[in-house]
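This report describes one protein chain, working from its sheets and helices down to single residues. The sequence and structure come first.

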Amino acid sequence: MKKTRVVHLLIALLLALSLLPAAAPAQAQAAPAVPEGEYVPGELVIGFDTSVKVVMSQATALAGSVDAQVVKVFDQTAVISFDPEADVTAVAARLAGQPGVRFVEPNYVRRLPEQLLTSAEPFQLKEVDRKLPNKQKLTVDQLLSMRTVKRTGGKVQVIPTYPNDEFESWGNAWIGHDIIWPEKKLSPMVCVIDTGVDINHPDLKGRVVNGYDFVNDDKIADDHYGHGTHVAGTIAAKVNNGMGPAGISNGKVLAVKVLSDQGWGTSADIAAGIRYCANNKAVKVLNLSLGGSEGSAVEYDALHLAVNQGKFVAMAAGNGSTSEMHYPAAFASPLSVPPVGSVDDGAANTIHEGMVSVGAIASEETWVDMDGNGIDDDGEYFEGCAAYFSNYGAWVEIVAPGEDIFSTIPVSYPSVIGQYSLGSDSEYLSGTSMATPHVAAAAARVWSLDKALTNADVEGILMDSGRPVILAVDPNVIDPTVGSSDSGYLGEMPFCWPFADVPFTAAEDMENAVELDLAAAMGRGALTVFPYDAVTGLPLAGAQIAAVDAVTNKVVDTAAVSTPFYEFPAVDLINLPVGPYNARVKAKGYTAGLQTAAEGLFASAGVFESNSADHFLVVPPAGDFQVVSQWDWWNYFDELDSYLWLPEATPFIVGPEKYGALYPNNPTSEVGAMWEFPFARYQRFDEEDYQTWEVLSIKRAGAKVKLAGDYQVLFTDNGDGSLLNQWIKVTAWFNGKVIGGVTRDFTADACDPLLTEAWWHAGTVNGKTFTAVDACGTNAIWPYVIP
């Protein structure tokens, strides 16, 4: 399936402009035509060295020597204009080498990277993977039904765990924003160098600040195209307002306009915009979702300033589905060569640290025909592959969601993109332009946790914490440099991401690239747990579950079990710093305050941990002594039998009844009392519900008397000791409090699985005390066994 469900906005631009209302602002109508070539006819950019103290005077003199005029001056740079029919190369040659001149180059045209407007049904997130026991995924509706407990000013509130707009754009969950979104530490400002931003958009108002418009030379960076507003929404849209997406950063955006309302600009204006952001102390991150095919000295020098001012720069790799370098993004790679006349001319690239080039991930799984047989075999479908338009290659460092990204578009005035949106305030767009703000916002989030980080530190954190990209290629590819335009591959794409395997070469090798993982970069993880009534097997309605730091004993997050219930009553505990946690449960009629239902649950970076039997929090109703036994749900098809034995009791009985019916030759054996179902044992054994636990009670409901003494807690596996060598957890409760427990795992002394009757002695109960024993034995050890 080679995708065709998009409209190229640059192709559709003329039609869109014809639809703009007559009341559109004057600057939108007065913008020049889009140049056809790679540079603006009749313009040159001149860079002066620091020996030139008055740039305007020197530039005016040079311009006069070639019948040109100075049209713009900033820092040590000037733009001159002359006859558009003149030979730009010849004029440049006349000026090069003049005193004080460091470089002379064309004023390169920079375009939006052919961003793509979805014209058919876009991908919308419907479910997410939590690695549940039956491999079930949780739906967005289930996630939005989850609840979190917040204590503010002495008041307790139960609120939704996730914002109502968190899953509007699939990219948020993909990078782990759903894990970290509650983080309160404020992110630094991100400078969006683009087509401007609609700062009065209701989802952006108060989150975006006007910077400067370098196209029209004013302080109002309006966006009559729509691209910059879409980028800004991914970064900083308001959260939980039911409108559009949830922004990834919780900081602000500075809007800088360097591209016209027709979606193009010049290297000089872009360089001026970069310098403007570099000199703004509030800005820590720059977003450049634009580019072209030629490297520019004026842009390189501007980026040199930004990097040396400590800014982090994220740049779109381009949408040509090619391995050819795209600028200025390629400058983020040490493989790129500094342009002639730039500050690093003739030397190595010194600015790549603190900058990244960003490729785009597809929204849905991709078939890569790895064996080249034209058949979609098992193991050939992958998630996280290159979007069919994304550039790639060894120079592309990090990839992020870039297809079918839902974000804001202008509503305060007409825009090009808005012509397709039927009055909507948000739209789905695709492109590396849409992937880049995910990375820029992630960088801002990382910086919020440690203001002392350098831009190189931030890049290192993003790269080190990123997930390795999936490397898979189709051997039928003919030309490895043209991506999805190649005619040889037989699957949906020529690769997931390419590596140096024939016909691909080192130039296309993405082995060192990573996939953005915001939560991992912030050192945050999450736990998904499943609270149950141990007796009924029903969700533990009304319970509160706290994630308690196992080292500091501090409650980090608290969730509440809410209705409606689903197959798994899951609750998420989020924004947890990486480390071990204990899960404590509080439920009316079950616990006396918060009780520890699970210990040592580990929150891993960037992951919702749920793939363990210990994530089932099994709590019995409050009563006398009760013991809950759990075993790994991977063994849900097996059955573990639990017993309570009172050796001092006479005669030998099972519950309140004698055992004589089963042993007529010894009806009054004085070897103790065995308590088991149905008198005291509640067993949850159903291959369909995955509930692998049992509950024992010394005094069943309605009983008036219980026997005193030391009760032994015993387990067997119906003649097969193998289950006794798996993970088994025993928790002892007394009147709603946990009084002890023991856990058997793979490292414990093995019970012999060859014995016809193997037993595990978990522990002893006396009154309100549980003492762990954790020993194996056979029927010869236990005196209750009748010959």
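In what order do the five strands of the open sheet lie, and is the pairing parallel or antiparallel? The order is 3-4-2-5-14, and the pairing is antiparallel. The model is a predicted one.

## The chain as a whole

The chain has 787 residues, of which 58% are buried. Its secondary structure consists of 13 helices and 44 strands. Contacts between residues at least 6 apart in sequence are mostly long in sequence terms: 74% of them join residues at least 24 apart.

## The five-stranded open sheet

In the order 3-4-2-5-14, the edges are strand 3 (69-74) and strand 14 (264-266), each of which pairs on one side only. From one strand to the next the twist averages 25°.

One pairing inside this sheet can be followed to the residue. Strand 2 (residues 39-48) runs antiparallel to strand 4 (residues 77-81), with five bridges between them. In this pair, Glu 43 is opposite Ser 81 of strand 4.

## Helices across the sheet

Two helices lie across strands of this sheet. Helix 9 (residues 267-278) crosses strand 2, strand 3, strand 4, strand 5 (101-111) and strand 14, and its direction makes about 100° with strand 5. Helix 10 (residues 297-308) lies across strand 2, strand 3, strand 4 and strand 5, at about 95° to strand 5.

## Helix 8 against helix 11

Two packed helices are described by the angle between their axes and the distance between the axes. For helix 8 (residues 227-236) and helix 11 (residues 432-449), the angle is about 35° and the axes are 8 Å apart. The crossing of helix 8 past helix 11 is right-handed. Helix 8 contributes His 227, His 230, Val 231, Thr 234 and Ile 235 to the contact, and helix 11 contributes Ser 433, Met 434, Pro 437, His 438 and Ala 441. By class, the residues of this contact are five nonpolar, five polar and no charged. An α-helix has 3.6 residues a turn, so residues three or four places apart point the same way.

How many of the 18 residues of helix 11 are buried? The count is 17, so helix 11 is mostly covered, given that buried means under 20% relative accessible area. The length of helix 11 is also as expected: at 1.5 Å a residue its 18 residues should span 26 Å, and the end C-alpha atoms are 27 Å apart, which agrees.

## Gly 171 and its contacts

Gly 171 belongs to helix 6 (residues 170-175). With a relative accessible area of 0%, Gly 171 is buried. Leaving aside residues up to four places away in sequence, Gly 171 touches Pro 401 and His 438. His 438 is also one of the helix 11 residues in the contact with helix 8. Between the C-alpha atoms of Gly 171 and Gly 402 there are 7.8 Å, although the two residues are 231 apart along the chain.

## Hairpin and strand 7

Strand 9 (residues 147-152) and strand 10 (residues 155-160) pair antiparallel through six bridges. Lys 150 is opposite Gln 157 of strand 10. Two residues separate the strands in this hairpin, and Gly 153 has a positive phi near 60°.

Asp 129 sits in strand 7 (residues 127-129). Its relative accessibility of 44% makes Asp 129 partly exposed. The C-alpha atom of Asp 129 is 8.8 Å from that of Thr 139, a residue 10 places away along the chain.

## Strand 29 and its two partners

Why is strand 29 (residues 579-586) described as largely enclosed by the rest of the structure? Six of its eight residues are buried. Strand 29 is joined to strand 26 (residues 544-549) by six bridges, and the two run antiparallel. Here Val 548 has Asn 582 of strand 29 as its bridge partner. Six bridges also join strand 29 to strand 30 (residues 595-603), again antiparallel, with Val 585 opposite Gln 595 of strand 30.

## A buried loop residue

Is Ser 321 buried or exposed? Its relative accessibility is 4%, so Ser 321 counts as buried. Ser 321 is in the loop between strand 16 (312-316) and strand 17 (355-361). Apart from residues up to four places away in sequence, Ser 321 touches Tyr 388, Phe 389, Ser 390, Asn 391, Tyr 392, Thr 481, Val 482, Gly 483 and Ser 484.

Note on methods:
Residues numbered from 1 in each chain as written. Predicted model: local features only at pLDDT ≥ 70, side-chain atom pairs only at ≥ 80, totals over all residues. Heavy atoms only, no water. Axes fitted to C-alpha atoms, helices over the stretch in contact; angles between N-to-C directions. Helix = DSSP H or I, 4+ residues; strand = E, 2+ residues; numbered from the N terminus. Left-handed = near helix turned anticlockwise from the far one by under 90°. Contact = heavy atoms within 4.5 Å. Nonpolar A, V, L, I, M, F, W, Y, C, P; charged D, E, K, R; others polar. Expected span 1.5 Å × (residues − 1). Buried < 20%, exposed > 50% of the residue type's maximum accessible area, 1.4 Å probe, protein only. Pairing = 2+ DSSP bridges.
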